[in-house]
Amino acid sequence: MVQETPDLSPVSALRKEVLDFEPYSAGLSIEEIQARYGLASVIKLASNENPLGTSPLVQKRLRAKADAVFRYPKPDTPTLTRAIAARVQVEPERIVVGNGSDEIIDLLIRVRATPGRDRVLAFQPSFSMYRLQTRMQGAEFVTVPLEDDLSLNMDKLVSRVDASTAVVFVTTPDNPSGHATPREEILRLARELPPTCLLVVDEAYVDFADPVEAHTLLPFVERHRNLVVLRTFSKAYGLAGLRLGFGVMDPELADYLWRVRLPFSVSILAETAGVAALEDLTFYNATLDTVRQGRVFLAEALASLGCRPRPSQANFLLFRLPDYCALAARAVFERLLAQGIIIRPLDSYGLPDCLRVSIGTETENRAFIQALERVLGEAHTAGPHADSSLGAHDSTPRENEGG
Ligand SMILES: *Cc1c(COP(=O)(O)O)cnc(C)c1O
């Protein structure tokens, strides 16, 4: 018998990218918090999920489809692709559907970034999937810091582009700030990038922007062949748990993504749900109304408590604590947890002084404000809160934004 040594373990031979990988870690679940604090009910405003839940039409169609799941789905999800094309008014050949927009992010990096040679460029902080999948691919991830007000400076981004830049990611409205970059600035970036460099505009939250038509880059995909627009069903369509997203891009590029994509990554149920979600305009419009009204209510309520919410075009608000609050943001987050309210601390984004709250229903929003008022009341002591700049700091992300 050969003696087992650490050198001979199969794990020691894994790819370096795998051994070094820091996996995505989602936010806390409702069940975890209920168990930890012995709470009967918990309000989760941490992952930017749909405040109205799941469309009733989607639920009905899913139930009806349950007896068909022994079949393989059609590999190119034709019904859903056509339904999306009709909704966003582009040719179906431009659309690639995936297991969440996460899959499209991964595919774009994999088809374009050559390991050991190419670079992927994004802002810091930004959605961690860009970094994780770039590193997994063995490409270098390069970041440009956000401005102090958390806006995105396209000139600074362009100054970091060179011949090795394969993909550039821009999120608008951005997560976690909610900041919407003026469309002209993104179009200027599209013109300034080399035509072989993909510009991926992640519009996960664009449905909530007011108005969508003034913010989306979709009408420009035809004109700029390197421009890719990402959308998701996880937020405004309430399907985060089903995993469905899509990209709109040059038809030839789309064809290559379809070729290398795992053939059945979008399940029969996800396709059914996606088609139904696009049909149910009543639910979609109710979601937008709830979010836009809740956003105004929460921004005003936070401001009246002395917090400073950042203007947002998304379904969440980033805010800082008032100067009178002697507690750190992390501690406020923990105290809210104990009261059954889950929001999102932003240490992992390098923003330890900020918190992010998803817009909920009217009841949830009021419960959150009441709980926060209680926590701030207890924290109302002398001595101003240290460091009041809204700066973006570099840090190694630990926990994730969870959609
Ligand atoms: C939530 C979110 C997505 C959506 O991801 P899915 O895989 O479609 O659930 C994409 N990008 C950003 C920036 C997000 O916050």
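Trainee: How far is an oxygen atom of the ligand from an N or O atom in the side chain of K235?

Mentor: Good place to start, and keep in mind that we are looking at a predicted model. K235 is one of the residues that come nearest to the ligand. From an N or O atom in the K235 side chain to an oxygen atom of the ligand, the distance is 3.5 Å.

Trainee: How much of the ligand does the protein bury?

Mentor: Think first of the ligand taken alone, when it exposes 390 Å². Then put the protein back around the ligand and ask what share of that area is covered. The buried share is 97%.

Trainee: Which residue has a side-chain N or O atom 3.0 Å from an oxygen atom of the ligand and also takes part in a cis peptide bond?

Mentor: Let's look at the side chains first. D102 has an N or O atom 3.0 Å from a ligand oxygen, and N175 has one at 3.0 Å too. Now turn to the backbone: the bond leading into P176 is cis, with omega near 15 degrees. The residue before P176 in that bond is N175.

Trainee: Into which classes do the residues of the shell around the ligand divide?

Mentor: There are 14 residues around the ligand, and D202, T232, S234 and R243 are among those that come nearest. Sorting the shell by residue type gives three groups. They are 3 nonpolar, 7 polar and 4 charged.

Trainee: Where is P125, the proline whose peptide bond from Q124 is cis?

Mentor: The Q124 to P125 bond has omega near 0 degrees. To place P125, look at the elements on either side: strand β3 covers 119–124, and helix α6 covers 128–136. P125 is in the loop between β3 and α6.

Trainee: Which residue in the loop between α4 and β2 has a positive phi without being glycine?

Mentor: Find the end of α4 (78–88) and the start of β2 (95–98), then check the loop between them. One residue there has phi near 60 degrees, a positive value, though it is not a glycine. That residue is Q89.

Trainee: How are helices α2 and α13 oriented to each other?

Mentor: The axes of α2 (residues 30–37) and α13 (residues 329–338) come within 9 Å and cross at roughly 80 degrees. The contact is made by I33, R36 and Y37 from α2, with E334, L337 and A338 from α13. Angles from 65 to 115 degrees count as roughly perpendicular. The two helices, α2 and α13, are therefore roughly perpendicular.

Notes: Residues are numbered from 1 along each chain as its sequence is written. This is a predicted model: local features need pLDDT of at least 70, side-chain atom pairs count only at pLDDT 80 or more; totals for chains, interfaces and linings use all residues. Side-chain values use heavy atoms; hydrogens and water are left out. Axes are lines fitted to C-alpha atoms, for helices over the stretch in contact, and angles run from 0 to 180 degrees between N-to-C directions. Helices (H or I, at least four residues) and strands (E, at least two) are DSSP runs, numbered from the N terminus. Angles under 35 degrees count as roughly parallel, over 145 as roughly antiparallel, 65 to 115 as roughly perpendicular and the rest as oblique. Contact means heavy atoms within 4.5 Å. A residue is near a molecule or strand if one of its heavy atoms lies within 4 Å of it. A polar contact is a pair of N or O atoms within 3.5 Å; within protein, one must be able to donate a hydrogen and the other to accept it, and residues adjacent in sequence count only if both atoms are side-chain atoms. Accessible areas come from the Shrake-Rupley method with a 1.4 Å probe; for residues, only the protein chains shown count as cover. Ala, Val, Leu, Ile, Met, Phe, Trp, Tyr, Cys and Pro count as nonpolar, Asp, Glu, Lys and Arg as charged, and the others, Gly among them, as polar.
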